Amino acid sequence: MDITKPATTTVSPVAAAPAPLALALVVASDRDGRFAPVIADWFRSRLAGREDFTVTVVDLAEVDLPTSLSYSPNPAVTAELAKVTPVLEAADAFVVITPEYNHSFPASLKNLIDRHYTEWQAKPVGFVSYGGISGGLRAVEQLRQVYAEMHAVTLRDTVSFHNAHGLFDETGRHKDPAGAEIAAKALLDQLVWWGNALRDAKTVRPYGA
């Protein structure tokens, strides 16, 4: 008599959720009377409900770095770099919040970028920009070239605020946020994909520029 063995079912183990990405949120403007805190607060509210990021803010208005670069910075500069370099080094991903100044981005941001190199490498960079009619997008296009030199990966999609001052009320609340919220979610979802992909790749093979 034939005895048919019951079919066996293989249950695949459930993959563990990846650890949250360490996100460095760089606020680029250090201008007096800047609008940056309004934009930064709004974007941070988009991060509040997400468990796939841990967020550290690097506000360049709170960092006093001279524009003269040196391979041997003095103790005062070393102390200022200690506020930002460890954050950039530990980050898995970046979002840069930048205005547009005269078709470009702030000198404070270029200074920060130029003082670091390996800290940017093989990591994704997203952009939130604001300004007048261009919404800061001309600043972003220039930043793509700069970050390419740093071996960073810039995301295609951005969040941009055109004529930004008129979009928010006196309390800093966006008057019509639907479109901006969709753009922010798309940016963050892409950042998660790239951040995890690059982090995983570097565990297999360290990045070599």
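Visitor: Which side chain does R46 meet in a salt bridge?

Guide: In this predicted model, the side chain of R46 meets that of E181 in a salt bridge, with a distance of 3.7 Å from N to O. R46 belongs to helix 1 and E181 to helix 5, so the pair ties together parts that lie 135 residues apart in sequence.

Visitor: And is R46 buried or exposed?

Guide: R46 is partly exposed, its relative accessible area being 30%, and E181 is likewise classed as partly exposed, with a value of 31%.

Visitor: How many salt bridges are there in the whole structure?

Guide: A search of the whole structure finds 11 salt bridges. One of them joins E80 to K83, where the closest N and O atoms are 3.1 Å apart, and another joins R144 to E141, with the closest N and O atoms 3.4 Å apart.

Visitor: Where do E80 and K83 sit?

Guide: Both E80 and K83 lie in helix 2, three residues apart, which is about one turn of the helix. E80 is buried, with a relative accessible area of 15%, whereas K83 counts as partly exposed at 46%.

Visitor: What about R144 and E141, where are they?

Guide: R144 and E141 are both in helix 4, again separated by three residues, or about one turn of the helix. R144 counts as buried at 18% relative accessibility, since the cut-off for that class is under 20%, while E141 is partly exposed at 44%. As for the spacing, an α-helix has 3.6 residues a turn, so residues three or four places apart point the same way.

Visitor: Which residues are joined into one network by salt bridges that share partners?

Guide: That network consists of R50, D52, K185 and D189.

Visitor: Changing topic, what does the secondary structure of the chain come to?

Guide: The chain has five helices and six strands, and read along the sequence these follow the pattern β-α-β-α-β-α-β-α-β-β-α. Along its principal axes the C-alpha trace spans about 90 × 50 × 25 Å. Of the 209 residues, 42% count as buried, and among contacts between residues at least 6 apart in sequence, 82% join residues at least 24 apart.

Visitor: Why would you call strand 4 largely enclosed by the rest of the structure?

Guide: Strand 4 covers residues 124-131, and seven of its eight residues are buried, so the rest of the structure largely encloses it.

Visitor: Which strands does it pair with, and how many bridges are there?

Guide: Strand 3 and strand 4 pair in the parallel sense over six bridges, with I97 standing opposite V128 of strand 4. The chain gets from strand 3 to strand 4 by way of helix 3, and this β-α-β crossover is right-handed. Strand 4 also pairs in the parallel sense with strand 5, residues 153-154, over two bridges, where P124 has V153 as its bridge partner. Finally, four bridges join strand 4 to strand 6, residues 159-162, and these two strands run parallel as well; here G131 stands opposite H162 of strand 6.

Visitor: Back to that crossover: which residues of helix 3 are buried?

Guide: Helix 3 runs over residues 107-114, and its buried residues are S108, L109, N111, L112 and I113. What covers them includes strand 1, helix 2, strand 3 and helix 4.

Visitor: And helix 1, which of its residues are buried?

Guide: The buried residues of helix 1 are A36, I39, A40, W42, F43 and L47. Around the axis they cover an arc of only 165°, which puts them on the same side of helix 1. The elements that cover these buried residues include strand 1, strand 2, strand 3, strand 4, strand 6 and helix 5, the last of which also supplies E181, the salt-bridge partner of R46.

Visitor: How far apart are the end C-alpha atoms of helix 1?

Guide: The end C-alpha atoms of helix 1 are 17 Å apart, and this agrees with expectation, because 12 residues, 36-47, at 1.5 Å a residue should span 16 Å.

Technical notes:
Residues numbered from 1 in each chain as written. Predicted model: local features only at pLDDT ≥ 70, side-chain atom pairs only at ≥ 80, totals over all residues. Heavy atoms only, no water. Buried < 20%, exposed > 50% of the residue type's maximum accessible area, 1.4 Å probe, protein only. Contact = heavy atoms within 4.5 Å. Pairing = 2+ DSSP bridges. Right-handed = clockwise from strand over helix to strand, strands pointing away. Expected span 1.5 Å × (residues − 1). Arc of directions from axis to C-beta. Salt bridge = Lys/Arg side-chain N within 4 Å of Asp/Glu carboxyl O.
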